[in-house]
Structures are given as C-alpha cells and as structure tokens.
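Biologist: I've got a model open on my screen and I'd like to learn how to read it. Could you walk me through it?

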Amino acid sequence: QVQLVESGGGLVQAGGSLRLSCAASGRTFSNYVMGWFRQAPGKEREFVAAIRWSGGPTYYAGSGKGRFTISRDNAKNTVYLQMNTLKPEDTAVYYCAADSDPKFGSRWYGIDEEYDYWGQGTQVTVSS
C-alpha cells in the first residue's frame with residue numbers, strides 16, 4: 001500500500017509562489033510515475049504535471065508550462081510542485097497521485113484513471 005500526503009497549500013496573492021510537497025510512504029517507487037492534478041470548484045479534475053520517480057523528463061499541462069516545476073527528492077521520498085507567478089485561475093485543490101504500473105509513453109501521464117494512489121489534497125487559493 002502507498003500513502004501520499006500533500007502539504008504546502010494556502011492563500012497567496014496573484015503573482016506569488018507556493019511549493020507543494022507530496023510525501024510518499026509504504027512501498028518502493030523506482031518505476032512509479034508521480035503526478036500532480038488539481039480540481040477547481042465545479043470543474044473536472046485536470047492534469048498539472050508528472051515525473052518519473054527514476055528521473056528523466058518532466059511533463060506539464062499547458063496551463064502550468066513556464067510557471068510550474070515538478071521535482072522529486074528520492075532520499076526524502078517526496079515530490080514537489082513549485083508554482084510561480086500564480087493566477088486566480090490556479091485556485092483549486094491540488095492532488096498528488098502515483099501510478100504504480102505506468103504504461104509505456106508519456107501520453108498516459110495526464111490521464112487520472114491511470115493513477116492508483118491519491119493523496120487527500122491541499123487547497124491553493126490565489127487572490128486577485
């Protein structure tokens with residue numbers, strides 16, 4: 001079993017920054033894909049960013065490209081999402097997720113049904 005615990009959310013003014021953390025425990029993760037998703041009120045959950053636990057390229061949805069950076073610290077079993085130049089439309093609950101048996105190819109990384117472990121979410125609110 002895998003446990004994911006997010007932290008780092010909060011209230012920030014537009015243009016500000018936040019760093020979200022996702023602490024993972026319970027299994028070894030070397031072949032996992034780790035993702036960040038978000039869900040705003042009244043909207044569907046959407047992909048934000050993904051990274052392979054073993055390293056390599058990172059992947060972003062268009063909304064976060066150039067502003068968000070996903071990274072991981074293997075020693076701490078933690079995945080981060082650095083968010084800069086935040087906008088009010090970034091307001092959402094942000095979820096960390098793990099895909100323990102990823103399909104080949106990055107085209108799968110943005111599909112939430114591919115992820116089998118989820119954290120409880122952390123609220124990010126960006127005021128204008």
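**Reading the model together**

Modeller: Let's begin with the outside: the protein chain has an accessible surface of about 6,400 Å², and 47% of that belongs to carbon and sulfur atoms. Keep in mind that this is a predicted model.

Biologist: Okay. How many helices and strands does the protein chain have?

Modeller: Count the elements from the N terminus on. Here you get 0 helices and 11 strands, so the order simply reads β-β-β-β-β-β-β-β-β-β-β. The radius of gyration is 14 Å, close to the 14 Å from the globule rule for 128 residues, so the chain is as compact as a globular protein of that length. Along the principal axes, the C-alpha atoms fill a box of roughly 40 × 25 × 25 Å.

Biologist: And what share of the 128 residues counts as buried?

Modeller: For that, you look at relative accessible area, and buried means under 20%. In this chain, 45% of the 128 residues pass that test.

Biologist: Which residues have the most contacts inside the largest nonpolar core?

Modeller: A core is a set of buried nonpolar residues joined through their side chains. The largest one here has 29 residues, and L4, M34, W36, L81, M83 and Y94 have the most contacts inside it. Several strands each supply at least two of its residues, including β3 (18-25), β4 (33-39) and β9 (92-99). Apart from this core lies another, of 8 residues, with V33, F37, F47 and Y109 among them.

Biologist: Let me click on L4. What does L4 touch, beyond residues up to four places away in sequence?

Modeller: Quite a list: among its partners are C22, A23, A24, M34, C96, Y117 and W118. For the chain as a whole, residues 24 or more positions apart account for 59% of the contacts with a separation of 6 or more.

Biologist: Now a loop. Where is P88 found?

Modeller: P88 sits in the loop between β8 and β9. With a relative accessible area of 33%, P88 is partly exposed, because that value falls between the 20% and 50% cut-offs. Setting aside neighbours within four places in sequence, P88 is in contact with A14, V126 and S128. The C-alpha atoms of P88 and V126 are separated by 4.7 Å, though the two are 38 residues apart along the chain.

Biologist: Last one: how many positive and negative side chains are there?

Modeller: Tally each sign, then compare where the two sets are centred. The protein chain has 13 positive and 12 negative side chains, with the centres of the two sets 6 Å apart.

Key:
Residues numbered from 1 in each chain as written. Predicted model: local features only at pLDDT ≥ 70, side-chain atom pairs only at ≥ 80, totals over all residues. Heavy atoms only, no water. Helix = DSSP H or I, 4+ residues; strand = E, 2+ residues; numbered from the N terminus. Rg over C-alpha atoms; globule rule 2.2 N^0.38 Å. Buried < 20%, exposed > 50% of the residue type's maximum accessible area, 1.4 Å probe, protein only. Contact = heavy atoms within 4.5 Å. Areas by Shrake-Rupley, 256 points an atom, 1.4 Å probe, with all protein chains shown as cover. Lys, Arg positive; Asp, Glu negative; His and termini not counted. Charge placed at Lys NZ, Arg CZ, Asp CG, Glu CD. Core = buried A, V, L, I, M, F, W, Y, C linked by side-chain atoms within 4.5 Å.
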